[in-house]
Amino acid sequence: MAWLHELFSLSPEIALFLALAGGTWLGRFKLGAFQLGGVAGALVVAVLISQVGVSIGDGIKNVLFALFIYAVGFDSGPKFFSSLGRQTLREVALSLVLAVSGLLTLVVMAKLFSLDQGTAAGIAAGALTQSAIIGTAGAAIAKLDLAPAQIQQLQGNVAVGYAVTYIFGSLGTIIICVNVLPKIMRRSIRDDAMKAELDLLKGAPLLAADQTPALPGIVGRLYEAGPAKNIHVSELEALASPQFPVTLERLKRGGEEVHVTPDLLLMENDVLLLVGRRQGIVALAKHLGKEVLTEHGPSMVMTTSEALVVNPAFINKRLAELRTQVAPDVRHGIYVISIKRGENMLTLSDDTVIKHNDVITLYGSEQDIQRAISLVGASLVKSIKTDLLFHCLGIAVGLLIGLLIVRIGSVPLTLGSGGGALLSGLLFGWYQSRKPLSGNIPSGASSILRDLGLAGFVAVVGLQSGLQAVETIRSSGISIFLIGVVVTVVPLMITLFIGRYLLRYDNAAIFAGALSGTRSANPAFGEVLNKAGNAIPTAPFAVTYGLANVFLTLLGPLIVAIA
């Protein structure tokens, strides 16, 4: 293995990408209903690779994690801030339950196995995956009335306990949040995430990029004029209900297309291309002749486009008011498919009120769409480019926030780079939802930031601590590792049952996000996101994650005082 050690010394990045590749492969295997997943797989493979000796710095780890957690926060900013309020008291209670049960479990294990303060604090830092405990516990140990050599020994034991227990602290949390929780709830994270997202969409269909509804709301149909002969185009369109409008977009007469005007008189054999709400066309069909095959009639390309409402003439107006306010020739051929405010879809009805920066989705011909957008405000063009100025500034702001330290007595509290990047992502994501013309990031770009950032971060952790953890277990026995397993599992299970049966979490995706946050367990949260397939778990995670960074950090001095 000497050649591997030499290779990884020359380029530790090779070890990182091998861990990512191997972890992704390992994570695909299933044992019954259990599946390790790519993040946990990367951790396991990284620990195996670390046994040949790999030296990799903290810089790449911090960058990867900052990219991951910022992207998560950015995607979830609008949902997070809209969810704050009395409804988040449940997340506060859940975070307190985890912190208290974690402290009690650790103290009991310390008494049973006669652990010194340093080892006990290190186990807490690793088993609860809260690295800040190392700092707060180390500072508390330094103030003990002991000889310098004893203090140094205890502080060294903190690092040993952390190294041995951190890996299962991450892996065990993934297993409980992703595999055990859905089994206990008898619900699927994916199904519940979809259900919660549909609730947010207020019944609007949730479609992937390659999906279309079998029965679209707006359709195009070809008919012969038939009984509608000798009436004008405007008269035909007036036969449709105002609630379900229909427009005549193209007309073919004697094999030639004729320019359509409101006062054009229809003839019996004219072939009409009608576009409109499905209910309107079905109702109008009784006034027309037979339906015609597509190849025998006129064709037309229609466009769907999003527009940002900024024109004051449309602000605070009901849809019914706008329908009468806008001239018929201006709104002719324009159909509103949906209205979105922030991340929430609005119900389309006469009483729906338009607000500043609402995003409306329009359907019609290219010419009609451009006319409507110029009237409403600005076009929201889906760009494939990322606004690097916006997002690099966002990450930099987050890292600056992470440097801030607030002291409660002698205990330093800080969000750290991860907490700072998450908070910045939430703020910048919320701002971008209010100013959609800035801060563009394609969904694919955001996805690779999350996937590569999290898996890479976990792999670096495994490469850095795997060798030391295995060597410590060999020299000190497996007792510290097993104690760490108990400290990882017991508080999580207590919190899981209290959350399920006392706090009444009934959505597996939301609960899994909240539970992983109470442990500030980023790898587990990443796997929860993968299972969910959307950002639903992020809002509860963001609340409990922020609280966990405070509650768990405070455990360091308490453990030193009690153990």
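**Figure 1. Surroundings of Phe74 in the predicted model.** Phe74 counts as buried because its relative accessibility is 9%, below the 20% limit that defines a buried residue. The residue belongs to helix 4, which covers residues 58-83. Neighbours within four places in sequence set aside, Phe74 is in contact with Phe390, His391, Gly425, Leu426, Phe428, Gly429, Gln432, Gly439 and Ile441. One of these partners, Gly439, lies 365 residues from Phe74 along the chain, and the two C-alpha atoms are separated by 9.9 Å.

**Figure 2. Helix 2 and its buried residues.** Helix 2 is formed by residues 12-27, 16 residues in total. From the first C-alpha to the last, the helix reaches 22 Å, close to the 22 Å expected at 1.5 Å a residue. The buried residues of helix 2 are Pro12, Ala15, Leu16, Ala19, Leu20, Gly22, Gly23 and Gly27. In an α-helix, residues three or four places apart point the same way, because each turn takes 3.6 residues. Leu16 also appears among the residues with the most contacts inside the largest nonpolar core.

**Figure 3. The largest nonpolar core, with 104 residues.** The residues with the most contacts inside this core are Leu16, Ile49, Ile123, Leu181, Leu463, Val487 and Ile559. Helix 8, spanning residues 148-185, gives the most to the core, contributing 14 residues. Val487 touches Thr105, Leu106, Met109, Ile123, Ala127 and Leu128, when residues up to four places away in sequence are not counted. A second core, separate from this one, has 18 residues, including Val246, Leu248, Leu266 and Ile281.

**Figure 4. An open sheet of five strands.** The strands follow the order 10-9-12-7-13, and their pairing is antiparallel. Strand 10 (344-346) and strand 13 (377-380) stand at the edges; each has a single partner strand, so one side of each is left without a neighbour in the sheet. From one strand to the next, the twist averages 35°.

**Figure 5. Strands 9 and 12, with helix 14 packed on the sheet.** Five bridges join strand 9 (residues 335-341) to strand 12 (residues 359-365) in the antiparallel sense. Within this region, Lys340 stands opposite Val359 of strand 12. Helix 14, made of residues 366-376, packs on the sheet and touches strand 7 (302-309), strand 12 and strand 13. The direction of helix 14 makes about 150° with that of strand 12.

Definitions and conventions:
Residues numbered from 1 in each chain as written. Predicted model: local features only at pLDDT ≥ 70, side-chain atom pairs only at ≥ 80, totals over all residues. Heavy atoms only, no water. Pairing = 2+ DSSP bridges. Helix = DSSP H or I, 4+ residues; strand = E, 2+ residues; numbered from the N terminus. Axes fitted to C-alpha atoms, helices over the stretch in contact; angles between N-to-C directions. Contact = heavy atoms within 4.5 Å. Core = buried A, V, L, I, M, F, W, Y, C linked by side-chain atoms within 4.5 Å. Buried < 20%, exposed > 50% of the residue type's maximum accessible area, 1.4 Å probe, protein only. Expected span 1.5 Å × (residues − 1).
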